[in-house]
Amino acid sequence: MYPKPTLYLLLFLSFFCLCLLNGQSNMPLAVQFTKEGDIAFTEKKYNKAIKLYKQALSINDSLHAARRGMGASFEQLGNYQQALTAYLKVTELSPKFSRAIYYEIGQIYYKMGQKMRAVTYFQQFQRLQLLEDLSFTVNGLNEQSLESGYLEKLPNNIRACTVSQDTNVLLKDVSIYNLGSNINDKNDQYFPCLTNDQSLLFYTRMSATGRDEDLYYSIHEINGWRKGNSVGNTFNTKLDEGMSTLVRDGRRMFFTACKREDVIGCDIWEAQIEGTEIREVKPISGHPNSEKWESQAAISCDGRTLYFSSIREGGLGGADIWYSNKQLDGNWSEPKNMGKNINTAQDEESPFISNDGRTLFFTSTGHLSLGDQDIFMSFLNTNGTWGLPTNLGPQINSPFTERCFFLSADGRTGYFASNRPEGFGGMDIYQVQFKEPLYSEPMTFVEGFVKDSITEKPIQTIVEIAERGSIQTDQDGRFFICLPSVSLLHTEASVAGYFPFLRNFNIPVWDNKRFYSLELRLQPTNVAPPVKPKTEPTPDDTTATILKVKKTQRYSKSFVFKFDSDEMEMNEQDKLDAFVATIAGKEIQRIEIDGYADDVGDTGYNFELSEKRAKKIALYLVDKGYPVTRIALKGYGEINDDNLKKLNRKVELKIITLE
């Protein structure tokens, strides 16, 4: 892991300098206790530090450096009430002892859930910038760089406090479980990732010496997780490897390898995976790996965009999150920084991207947190930029460290690592159960095979996917793609010796525990297509029947929606029920659902709204039992004409039957 510097070292050096200025006769012993407390603090021996600071204060109760150090120690232990008491006492006895302490009090109030009080102290810290640095004793000068970092984070911190959905409003009624002693022990376990059916877990385990990270796995049984095992010495070495992630196609893994041959620090590697067997281990090709530290990869649903953490040149401070796209030749593009809404001057790590690619989860020490390191999420805006991060809230984030978030394929189960005290000792892996899928549009994992229609042999070729570009099939003629559920997949393939292939596939709602499979069967140009033999009744076959020729029939109806909503206007639901009743029992050939919006507001927003309205009707039909494979929906965005705007907030439903 990338080492994180402590921000308190500079503070305590300044505390000690300030103490030496005091000429009281009993001060030398109190200063000595304070100095020893500072040393214990930097060694992370917080309970010892508290005892030493208390001894200093018992000698001289006005030694503000010791009281502040004691507050910082309580904060590191997650005892925020005691930390707050100490900090407030410092400001009461000496309001100009430190300007930075007002910001730190704001952080404590935030962690305690008192957001408005947090804002008060953040704003107080901001107002105090009008005073000269020397107004705040020696600390005014010594804390300049510290304050500079605080000021940079201040606007986002105030926003995090004032936006009501920033914490516990987002995630309520979740259930959190420790994965148990078969996975967790007194050492550190982290970076969980699971197969789509959640039957196989991979995770990273730190050795008892704290010097070797290895990849472990466990299989889920009726009674829970089986005892974790190393994936074996063919993968694990005496060096660090782990921090893995799986592509949703079930065949590929990305992981971190450190200090191997030709690796300076840590790089991102890849491997093929089948069950618990990992093979074809190699560095990824292209540009993501540098001479710096690259680690903790996350991969988009279809394996075409790689997210990772790095301290490479061009970042915003500590570890930043970057992304790279896979090119058609298999190489990864030059990485791009995720930008200042995601990255800060401190550390952003452990990215995870939702199935639809529109929600990024990550950990940060730079954004306003409830503990040492928290899990955040950011949503992709319609203009392609990432929004300001939101803290997942106290249901998941504790006063301690939370990181390495992973979300199951169905979006209902999350996994993360935490060192909260009720665990087995170090970082433990926890499971969080959500009542509803978390922040992703429904997606279907599609597995396609390109075959010769006569011989059934697989064909390696390039498949053109409408609005998705080109996809290369592998030696099995296989390709994998993640698509919105209840959508239309348009495919094209041109291969020498075969007729051009062009076909649309309806993509249904799918649970993704197994893939939705389809075939692209290409017809050779040198082989005539097989002709099915005709079966004619014999003259004496009295049971022969005359076939009735069926014809297609079309039914259509429009349904009006409320302004800026995917809910229908009053009485429209009754009209929909009545319309669907007219085609009950008929042989459905195709259902087309076209969504629209009026021209009020942003064009991109209206396009999304039109899609949501169409999906609402589609889900209604699926609930009624209509075959999802026959449904095609599309949002067309806004209508700009002379009609009443309320008439343009609609969905047009067209049903084609064979009668």
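Here is a short chat about how the labels on this predicted model are earned.

Reader: What should I know before we start?

Author: This is a predicted model, with residues numbered from 1 along each chain as its sequence is written. Local features need pLDDT of at least 70, side-chain atom pairs count only at pLDDT 80 or more, totals for chains, interfaces and linings use all residues, and side-chain values use heavy atoms, with hydrogens and water left out.

Reader: Okay. Why is S207 called buried?

Author: Buried means under 20% relative accessible area, exposed means over 50%, and partly exposed is in between (1.4 Å probe, protein chains only). S207 comes in at 18% relative accessibility, so it counts as buried.

Reader: And where is S207?

Author: It's in the loop between β3 (200–206) and β4 (213–221). Strands like these are DSSP runs of E with at least two residues, while helices are runs of H or I with at least four, all numbered from the N terminus.

Reader: What makes the link between S207 and T209 a polar contact?

Author: A polar contact is a pair of N or O atoms within 3.5 Å; within protein, one must be able to donate a hydrogen and the other to accept it, and residues adjacent in sequence count only if both atoms are side-chain atoms. The side chains of S207 and T209 are joined at 2.9 Å, so the pair makes the cut.

Reader: Which residues does S207 contact if you leave aside neighbours within four places in sequence?

Author: N187 and D212. Contact here means heavy atoms within 4.5 Å.

Reader: How do you know whether F191 and K259 are buried or exposed?

Author: Same rule as before: F191 has a relative accessible area of 6%, so it is buried. K259 has 61%, so it is exposed. F191 is found in strand β2 (residues 189–194), and K259 in the loop between β8 (252–258) and β9 (266–274).

Reader: What is phi like in those two?

Author: Phi of F191 is near 50°, a positive value in a residue other than glycine. For K259, also not glycine, phi is positive too, near 60°.

Reader: Why is strand β25 described as largely enclosed by the rest of the structure?

Author: Six of its seven residues (478–484) are buried, so that description follows.

Reader: What makes β22 and β25 a pair?

Author: Two strands pair if DSSP finds at least two bridges between them. Strand β22 (residues 443–452) and β25 have seven bridges, in the antiparallel sense, so they qualify. Along the way, F449 stands opposite R478 in β25.

Reader: And how do you know that β17 and β18 pair?

Author: Two bridges join β17 (residues 374–379) to β18, so the minimum of two is met. They run antiparallel, and F376 stands opposite N391 in β18. Both belong to an open sheet of four strands in the order β15-β16-β17-β18. The edge strands are β15 (348–353) and β18 (390–391), as each pairs on one side only.

Reader: What makes a group of residues a nonpolar core?

Author: It's a set of buried Ala, Val, Leu, Ile, Met, Phe, Trp, Tyr and Cys residues joined through side-chain atoms within 4.5 Å. The largest one here has 43 residues, and M70 and F122 touch the most other members. Its largest share, eight residues, comes from α6. A second, separate core of 40 residues includes F202, I278, L392 and F405.

Reader: How much of the whole chain is buried?

Author: Of its 659 residues, 50% count as buried. The secondary structure comes to 12 helices and 32 strands.
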